[in-house]
Amino acid sequence: MKRIQFRLNTAHQDCDTLLIGVDNSGQLIGSDSTLNSNSELTSAVSTAIADKDLSTKVGSQIMLKNLAGFTRVWFVSLGETEKLSRKAFIETMKKTISSILETGTNWLYHTLSIATQDSDAAWALYQNALMLQTAQYDYQHPSRGDFTANENNLDKVTFVGEIENAEQIIGQAQSSAIGMSLTQDLANMPANFCTPTYLASTAEDLGQQYGFTVNILERAQMEELGMGSFLSVAQGSDQPPKLICLEYKGANANDAPIALVGKGVTFDTGGISLKPGASMDEMKYDMGGAATVLGVFKALGELKPEINVVGIIPSTENMPAGNAVKPGDVVTSMSGQTIEILNTDAEGRLILCDALTYAQKTYQPKQVIDIATLTGACIIALGHHVSGIMGNNQTLVDDLLSSGNDTYDRFWQLPLGEEWDEQLKSNFADMANIGGRPGGTITAAQFLARFTKEVEWAHLDIAGTAWTSGTNKGATGRPVPALVDFLKHKAG
Ligand code: BES
Ligand code: MN
Ligand code: ZN
């Protein structure tokens, strides 16, 4: 992915294109006040409005050539900015960016990092940098055949405005976008390419590139550690399972790390509890949690915050086979707790529980966050706009909620409690791996809670947010932006 060169408050003479806003009364709004009162621009916009080439409704846009020294000027209507929502701002800017990328713009002068209804100029700057960099993403795997990438001419963007910590804001946005592109590539990649072995080699590549310590555990080592739950999911697959461990050391060696644990099911058929055929192809993104961990690590490598982070990825396929685990089978997890597998399609929690135990025993993390495309019930409960969040420590959950809110990569909290935990009762083991249909997202988290009693823990269910179905089918790169923000705050 091409990296945009972001500049701050440099002279606009070198920029070929101007992006400027128009309010509900037809006045120019932007963070360069000289341009807002430039007579060439003001008269051009008045004429465009009078001739009905531009409306003052939010989202209306027009490009006019050769004005005020710019080859192209994009006027974008933002209505009353005090009433402009964050959603409307993002949607409008995305549409404008895609229009700009269709033209020959090379160096954009961007004056729209401005305050809106419930956000300030710093927030707009972050979103603008994130949107511009993510707009460069394109899935370009060789398996697409002779597909040509939609290349564009944009190399540089100059932002204007007096914004505190602007450099850091832009750096965080750009690193997040670069991390997201890896997350998207991995989740978009067909499961015959993106295997557990491929995820492991991706982690090793990241280790080489950024200096992370990477350790890959094979089946034999996992057997020795007693990961009977994880290995029961893997036993029906011809692809060897991997437990992928990465360490990013940005702080003192004796600073306890934050552990990120990501579900890495590279394809989820449901196993013997086979899924229906419709849209089953999309189960290649059941490693979205793993892809998030790798994307966050890429962002950490770029951003280098002063914090220690470990990433733990249990990875396997979930396949039906003659030797596959069966409903009713009982397995022993690494923690010693036994599990009756009533549905082989509830496999995510079976691989995560052993990874959570391993993470705590090996790294003594101060906080653990797992990220998983865990339940279809989460999509039913929350839709595709927010990820589900649950946890055993409200301060941790609140910190994640606030990073989600700030980056607009949002979470919504669901409750945990004994009532839901009781749904996991089994007659034949310490617990069952399913709790029935009611509260399916919560009972999945309750299952994980039984393996994280001794640590501050939060669980992110990203089944609805990691992927877009329909004509724009593909990975979103979420929740990389929120997690990067969380880790950056933790670094102080
Ligand atoms: N990977 C699925 C969850 C999922 C569904 C993610 C749709 C993304 C989109 C998970 O392994 C699963 O199959 N969960 C079951 C749990 C059930 C058997 C208790 C589900 O949601 O139906
Ligand atoms: Mn499943
Ligand atoms: Zn799954």
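**Where domain 1 meets domain 2**

Biologist: How many residue pairs are in polar contact across the interface of domain 1 and domain 2?

Modeller: The rule finds 5 such pairs, both residues at pLDDT 80 or more. A polar contact is a pair of N or O atoms within 3.5 Å; within protein, one must be able to donate a hydrogen and the other to accept it, and residues adjacent in sequence count only if both atoms are side-chain atoms. This is a predicted model, where local features need pLDDT of at least 70 and side-chain atom pairs count only at pLDDT 80 or more, while totals for chains, interfaces and linings use all residues. Residues are numbered from 1 along each chain as its sequence is written, and side-chain values use heavy atoms, without hydrogens and water.

Biologist: Which element gives the most to the side of domain 1 that touches domain 2?

Modeller: That is α4, with 6 residues (helices are DSSP runs of H or I, at least four residues, numbered from the N terminus).

Biologist: And what is that side made of, by class?

Modeller: It has 6 nonpolar, 5 polar and 3 charged residues. Asp, Glu, Lys and Arg count as charged; Ala, Val, Leu, Ile, Met, Phe, Trp, Tyr, Cys and Pro as nonpolar; the others, Gly among them, as polar.

Biologist: Where do the domains run?

Modeller: Domain 1 covers 5–144 + 152–159 and domain 2 covers 176–491, with bounds from an automatic or database domain assignment.

Biologist: How much area do they bury between them?

Modeller: About 1,200 Å², 64% of it on carbon and sulfur atoms. Buried area is the accessible area (1.4 Å probe) that two parts lose on being put together, summed over both.

Conventions: Chains lettered and ligands numbered in written order. Helix = DSSP H or I, 4+ residues; strand = E, 2+ residues; numbered from the N terminus.
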